[in-house]
Amino acid sequence: MRVIAVSTLREFWEQSAHRDAEQPLKAWVAEVNEAQWESPSDIKAHFGNASILKAGRVVFNIKGNDYRLVAAVSYKFNIVFVKFVGTHRAYDKIDAQSVELPD
């Protein structure tokens, strides 16, 4: 799989309040880049705590659930689009089904 918007993750972990997310997010990117997902069950097999939503959306727990990452997965094109990364508190304020990165 190919992760789109790694720069968004980098901007997040470069914030002083989220420096502890750098290594867990880098590890997530490395694992996803190596993955060959064909269906949501493939994601669940690898990330047992991931939450599968409608329309290809997936919520990943990062750093023991300190952070949440919402992605849209295109199985056909082998792409994972980062839609949101934030604290658990920030995640509670968004709609994971429709959240988009700001322009």
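How many of the six residues of strand S3 are buried?

## Strand S3 in the predicted model

In this predicted model, five of the six residues of S3 are buried, so the strand is largely enclosed by the rest of the structure. One residue of this strand, which covers residues 57–62, is Phe 60, and its relative accessible area of 1% falls under the 20% cut-off, which means that Phe 60 counts as buried.

## Neighbouring strands and their hairpins

Strand S2, made up of residues 51–52, runs antiparallel to S3 and is joined to it by two bridges. Within this pairing, Ile 52 has Val 58 of S3 as its bridge partner. The hairpin formed by S2 and S3 has four residues between the strands, and Ala 55 in this hairpin takes a positive phi near 55°.

Strand S4, which spans residues 67–74, is also antiparallel to S3, and six bridges join these two strands. Here Ile 62 stands opposite Tyr 67 in S4. Four residues lie between the strands in the hairpin of S3 and S4, where Lys 63 has a positive phi near 55°.

## Aromatic pairs around Phe 60

The count of aromatic pairs in the model comes to six. Trp 28 and Phe 60 have ring centres 5.2 Å apart and planes at 70°, and because planes over 60 degrees apart count as edge-to-face, the pair is assigned to that class. This contact links distant parts of the chain, since Trp 28 belongs to helix H2 (residues 22–34) while Phe 60 belongs to strand S3, with 32 residues separating them. Both Trp 28 and Phe 60 are buried.

Phe 60 also forms an aromatic pair with Trp 37, and this one is stacked, with 6.3 Å from centre to centre and 15° between the planes. Distant parts of the chain are again linked, as Trp 37 lies in the loop between H2 and helix H3 (40–46) and Phe 60 lies in strand S3, 23 residues apart. With a relative accessible area of 3%, Trp 37 is under the 20% limit and is therefore buried.

## The cluster, and a charge over a ring

Taken together, ring pairs link Trp 28, Trp 37, Phe 47 and Phe 60 into a cluster. Phe 60 thus brings a residue of strand S3 into this cluster, and Trp 28 brings in a residue of helix H2.

A contact of another kind involves Arg 68, whose charged end sits over the ring of Tyr 91 at 4.6 Å from the centre of that ring.

Conventions. Residues numbered from 1 in each chain as written. Predicted model: local features only at pLDDT ≥ 70, side-chain atom pairs only at ≥ 80, totals over all residues. Heavy atoms only, no water. Phe/Tyr/Trp six-rings, centres within 6.5 Å; stacked < 30°, edge-to-face > 60°. Buried < 20%, exposed > 50% of the residue type's maximum accessible area, 1.4 Å probe, protein only. Lys NZ or Arg CZ within 6 Å of the ring centre and 35° of its normal. Pairing = 2+ DSSP bridges.
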